[in-house]
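This report considers a single protein chain, with attention to its charged pairs, its sheet and its core. The sequence and the model are displayed below.

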Amino acid sequence: MTFTLTDEYGTVHPAADRTVRVDVSGAGVLAGFGSAAPATEERFDATEHTTYEGRALAVLRPTGPGKIRLLATAPECEPVEIAVAVE
């Protein structure tokens with residue numbers, strides 16, 4: 001899942017980095033989470049990561065059939081929830 005910080009018009013804000021928290025439930029787990037920051041001490045197996053130039057990436061790994069639910073939250077941003085079907 002790719003995360004991009006945008007305004008209400010869809011414009012990316014590369015200078016408005018935020019700490020994003022992800023919660024994964026259902027038929028999958030978080031395999032990795034990070035940004036392309038060239039220098040960071042944040043762990044790729046953590047559920048919180050700071051965006052880099054407004055972007056981050058979460059990798060999900062299915063554990064069986066069903067739905068994987070991902071909830072992403074960040075300060076000053078609306079929460080986003082998605083579901084991915086796994087067959």
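Glu76 is exposed, with a relative accessible area of 74%. The model discussed here is a predicted one. Glu76 lies in the turn of a hairpin formed by E6 and E7, and this residue has a positive phi of about 65 degrees. Six residues stand between the two strands of that hairpin.

Which residue meets the side chain of Glu76 in a salt bridge? The partner is Arg18, at 3.2 Å from N to O. Arg18 belongs to the loop between strand E1 (2-4) and E2, whereas Glu76 belongs to the loop between E6 and E7; the pair therefore ties together parts that are 58 residues apart in sequence.

**Salt bridges**

The count of salt bridges in the model comes to four. Three of them are set out in the following table, including the pair just described.

| Side chains | N to O distance |
|---|---|
| Arg18 and Glu76 | 3.2 Å |
| Asp23 and Arg21 | 3.6 Å |
| Arg43 and Asp45 | 2.6 Å |

The accessibility of these residues may be considered pair by pair. Arg43 is exposed, with a relative accessible area of 55%, and Asp45 is also exposed, at 52%. Asp23 is partly exposed, with a relative accessible area of 34%, and Arg21 is likewise partly exposed, at 34%. Arg21 and Asp23 also take part, together with Glu48, in a network of salt bridges.

**The sheet**

Four strands make up an open sheet, in which the order is E4-E2-E6-E7 and the pairing is antiparallel. Strand E4 (48-50) and strand E7 (80-86) stand at the edges; each has a single partner strand, so one side of each is left without a neighbour in the sheet. On average, neighbouring strands of this sheet are turned by 25 degrees against each other, direction ignored.

How many bridges join strand E6 to E7? There are seven, and strand E6 comprises residues 66-73. Within this antiparallel pairing, Leu70 has Ile82 in E7 as its bridge partner, and Arg69 stands opposite Ala83 in E7.

**The nonpolar core**

In soluble globular proteins, nonpolar side chains tend to be buried together. The largest nonpolar core of this model has 12 residues: Phe3, Val20, Val22, Phe33, Ala56, Ala58, Leu60, Ile68, Leu70, Ala72, Ala74 and Val86. The elements that contribute two or more residues to this core are strand E2 (19-26), strand E5 (55-62) and E6. Leu70, whose bridge partner in E7 is Ile82, is thus also a member of the core.

Ala58 illustrates how parts of the chain meet in this region. With its neighbours within four places in sequence left aside, Ala58 is in contact with Met1, Phe3, Leu30, Gly32, Phe33 and Leu70. Among these contacts, Phe3, Phe33 and Leu70 are listed in the core as well.

**The aromatic pair**

The count of aromatic pairs comes to one. The rings concerned are those of Phe3 and Phe33: their centres are 5.8 Å apart and their planes stand at 65 degrees, so the pair is edge-to-face. Phe3 is in strand E1 and Phe33 in strand E3 (residues 28-34), so that the pair links distant parts of the chain, 30 residues apart. Are these two residues buried or exposed? Both Phe3 and Phe33 are buried, and both belong to the core of 12 residues.

Terms used: Residues are numbered from 1 along each chain as its sequence is written. This is a predicted model: local features need pLDDT of at least 70, side-chain atom pairs count only at pLDDT 80 or more; totals for chains, interfaces and linings use all residues. Side-chain values use heavy atoms; hydrogens and water are left out. Two strands pair if DSSP finds at least two bridges between them. Axes are lines fitted to C-alpha atoms, for helices over the stretch in contact, and angles run from 0 to 180 degrees between N-to-C directions. A nonpolar core is a set of buried Ala, Val, Leu, Ile, Met, Phe, Trp, Tyr and Cys residues joined through side-chain atoms within 4.5 Å. Buried means under 20% relative accessible area, exposed over 50%, partly exposed in between (1.4 Å probe, protein chains only). Contact means heavy atoms within 4.5 Å. Rings of Phe, Tyr and Trp (its six-membered ring) pair if their centres lie within 6.5 Å; planes under 30 degrees apart count as stacked, over 60 as edge-to-face and the rest as tilted.
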